[in-house]
Amino acid sequence: MHPRRTILAVLAVFSILSLACGPSDTDEQGKPAAGGVRPVPGVAEIPVRGGRIVEPTLGEPSNLIAALSTDSASHEVADLIYVAPLRYNKDIELEPWAAESFEVLEDGKLLRFKLREDIRWFDGTPFTAADVKFTVDLMRDPKTPTAYSDDYLAIKKFTVTGPYSFEVRYDKPFARSLVTWALDVLPKHALEKENLLETKYSRMPMGAGPYKLKEWVPGRRIVLEANDDYFLGRPYLDQVIYEIIPDLSTQFLELKAGNLDTMGLTAQQYLFQTKGPDWERNWNKFEYLSFGYTFLGYNLKHPLFQSNKVRQALSCAIDTQEIVKGVLFGLGQPAMGPYKPGTWVYNDKLAPYAYDPERAKRLLAEEGWRDSNGDGLLDKNGQAFKFTILTNQGNEQRIKTATIIQQRLKQVGVAVDIRTVEWAAFANEFLNKGNFEATLLGWNILQDPDIFTVWHSSQFPPAGLNLTYYKNEELDRLLEEGRMTLDQEERKRIYDRVQEILHEDQPYTFLYVPMALPIVHARFRNVEVAPAGITHNFTEWWVPTHLQR
């Protein structure tokens with residue numbers, strides 16, 4: 001499943017292997033049984049409450065106070081627990097959520113919000129403007145270990161104007177001002193006296209959203225139950241169960257066995273392993289370009305990767321078209337940079353680096369890398385060009401990608417090892433500490449083009465998400481400018497140049513933007529594709545009584 005609201009987080013890219021299908025609602029002759037899983041054409045159905053959905057998560061959440069985490073597992077669960085003044089709708093437009101209304105005044109330098117008065121935290125305490133102020137103060141506090149503080153630091157003055165209203169003033173227009181208010185509000189009464197690094201609320205969250213935590217069995221599952229007091233109405237499904245399954249092959253086996261109701265398919269599964277009458281009768285498959293990209297990121301503190309010519313050479317030696325065809329079976333496209341193709345911000349004047357091993361060898365030779373001893377490996381000052389690609393366990397799509405990269409780089413004299421690490425250790429012990437040479441992973445693509453948190457030089461870990469320790473003064477200046485104007489034409493000019501710089505410097509080899517290929521059991525009603533994906537209306541999914549489990 002994809003996140004309900006778009007938050008910058010590491011993508012757990014879905015990928016697995018196997019064949020066949022889950023339990024079938026058919027009779028012995030293979031025909032639909034009475035009251036089969038699909039709606040009867042022309043017969044109206046009335047939504048009912050009850051049932052549950054079981055979905056896999058590759059990694060275990062690190063912290064259910066989402067502001068303190070950067071992994072997608074944490075955010076996906078937290079997105080059902082907390083609320084915010086605004087949220088994205090199915091068309092990826094910001095709309096009121098916990099807010100009853102809002103105004104943008106003085107060319108964006110002043111925002112006014114009126115909160116709904118019928119929202120309650122799980123313990124019955126009213127959700128008020130004091131909670132919003134507490135969240136703002138917390139996020140602005142340098143002692144708070146969060147990667148999302150910059151949106152709040154841009155605020156000049158925050159004023160509570162009533163129990164359920166507040167104003168936000170900025171020195172100058174701030175492009176992400178509205179996006180800021182789509183981030184979770186935290187409960188003042190629960191957290192104001194807590195040490196955020198040790199609080200019980202990181203594993204026993206106090207929210208006001210459609211679901212609340214019922215059970216967390218470490219390493220096994222997380223169970224959410226419907227919040228009867230949710231201000232937009234109790235969701236139809238009684239429970240959302242996340243099974244922690246760190247191996248993607250196992251996830252698909254569990255889907256086939258009927259133990260999962262949904263997952264993201266690999267291209268191979270989508271095209272070849274989920275075909276036939278049983279699959280078509282009992283499952284719905286969807287296909288759309290995802291809001292995410294996969295990349296090979298270089299640790300720029302490492303001596304091997306100091307030169308952008310070297311990084312360009314590595315990109316020329318990697319055939320991204322081959323990866324799209326071989327790993328994604330054509331269901332995706334090569335990535336050029338950090339934005340989704342087809343969107344207004346995407347710089348279509350640039351193109352991904354073409355596969356050109358001869359150019360790669362030439363660029364490496366210009367930087368002094370030659371095979372001086374005839375062993376097939378490039379070397380310089382007695383050091384062989386050799387490094388390790390680190391990625392997370394259980395993700396076959398990434399492992400296959402790394403293997404193709406390994407083979408292609410070998411052909412230009414660069415030796416690559418591949419190491420996989422369990423997700424929690426991968427994030428906490430390696431990425432967050434800069435303890436890697438190169439890493440293969442992915443990012444969500446944001447709705448707003450501001451990528452300050454990932455690319456500005458002030459955002460090195462652990463405070464930010466600039467995992468490769470990339471620094472470029474012009475890029476820093478552009479990222480600062482881009483978030484200080486609301487003029488889309490001006491922002492287009494700025495972010496086109498941002499993409500040019502990243503294309504020239506290649507701190508990442510941008511690999512591919514995959515198609516999202518979710519599959520959902522056909523007994524779930526009201527599942528529909530929109531620009532925001534399929535989970536934009538998740539609280540409105542329901543299951544007929546006779547099909548509930």
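These are my notebook entries on rings, cores and sheets in a predicted model.

**Entry 1: aromatic rings**

I began with the aromatic side chains and searched the whole structure, which gave 29 aromatic pairs. I picked Tyr293 and Phe295 for a proper look: their ring centres are 5.8 Å apart and their planes meet at 50°, so I noted the pair as tilted. A reminder to myself: a pair of aromatic rings is described by the distance of the centres and the angle of the planes.

Are Tyr293 and Phe295 buried or exposed? Tyr293 has a relative accessible area of 2%, so it is buried, the cut-off being under 20%. Phe295 is buried as well, at 1% relative accessibility.

Next I followed ring pairs from residue to residue. They link Phe102, Phe113, Tyr152, Phe158, Phe166 and Trp181 into a cluster.

I also looked for charged side chains over ring faces. Arg203 lies over the face of Trp216, at 3.6 Å from the ring centre. Lys285 does this with Tyr270, at 4.6 Å from the ring centre.

**Entry 2: nonpolar cores**

Which residues touch the most other members of the largest nonpolar core? This core has 91 residues, and the answer is Tyr293, Phe385, Phe387, Val414 and Trp455. I was pleased to meet Tyr293 again, the buried residue from my ring pair. Strand β21 (residues 508-516) gives this core its largest share, 6 residues. Another core lies apart from it, with 73 residues, among them Ile65, Leu115, Ile222 and Tyr288. My textbook-style note here: in soluble globular proteins, nonpolar side chains tend to be buried together.

Then I listed the contacts of Trp455, leaving aside its neighbours within four places in sequence. Its partners include Tyr293, Pro338, Leu475, Leu479 and Leu502. Asn466, Thr468 and Asp476 are also among them, and so are Tyr508 and Phe510.

**Entry 3: the sheet with β10**

I turned to the strands and found an open sheet of 4 strands in the order β1-β10-β9-β8, with mixed pairing. Why do β1 and β8 count as edges? Each of β1 (52-57) and β8 (211-217) has a single partner strand, so one side of each is left without a neighbour in the sheet. On average, neighbouring strands here are turned by 20° against each other, direction ignored.

I could see the mixed pairing on β10 itself. β1 and β10 pair in the parallel sense over 6 bridges, with Arg52 opposite Gln239. Strand β9 (residues 221-226) pairs with β10 (residues 239-244) in the antiparallel sense, over 5 bridges. In that pairing I noted Arg221 opposite Glu243 and Leu224 with Val240 as its bridge partner.

How many residues of β10 are buried? The count is 6 of its 6 residues. Gln239, Ile241 and Glu243 point one way, Val240, Tyr242 and Ile244 the other way, and all are buried.

**Entry 4: the sheet with a helix on it**

Another open sheet of 4 strands runs β4-β5-β7-β6, with antiparallel pairing. At its edges stand β4 (99-105) and β6 (155-162); each has a single partner strand, so one side of each lacks a neighbour in the sheet. The twist averages 15° from one strand to the next.

Zooming in, I counted 6 bridges between β4 and the antiparallel strand β5 (residues 110-115). Glu103 stands opposite Arg112 there. Helix α2 (residues 129-140) packs on this sheet, where it touches β5, β6 and β7 (165-170). The direction of α2 makes about 160° with that of β6.

**Entry 5: strand β20**

My last stop was β20 (residues 438-444), where 7 of its 7 residues are buried. Both faces are covered: Ala438, Leu440, Gly442 and Asn444 are buried on one side, and Thr439, Leu441 and Trp443 on the other.

Which strands pair with β20, and in what sense? Strand β14 (residues 292-298) pairs with it in the antiparallel sense over 7 bridges, and Tyr298 stands opposite Ala438. Strand β18 (residues 386-392) pairs with it in the parallel sense over 2 bridges, and Leu390 has Thr439 as its bridge partner. One more reminder for revision: strands of a sheet pair through backbone hydrogen bonds, either parallel or antiparallel.

Key:
Residues numbered from 1 in each chain as written. Predicted model: local features only at pLDDT ≥ 70, side-chain atom pairs only at ≥ 80, totals over all residues. Heavy atoms only, no water. Phe/Tyr/Trp six-rings, centres within 6.5 Å; stacked < 30°, edge-to-face > 60°. Buried < 20%, exposed > 50% of the residue type's maximum accessible area, 1.4 Å probe, protein only. Lys NZ or Arg CZ within 6 Å of the ring centre and 35° of its normal. Core = buried A, V, L, I, M, F, W, Y, C linked by side-chain atoms within 4.5 Å. Contact = heavy atoms within 4.5 Å. Pairing = 2+ DSSP bridges. Axes fitted to C-alpha atoms, helices over the stretch in contact; angles between N-to-C directions.
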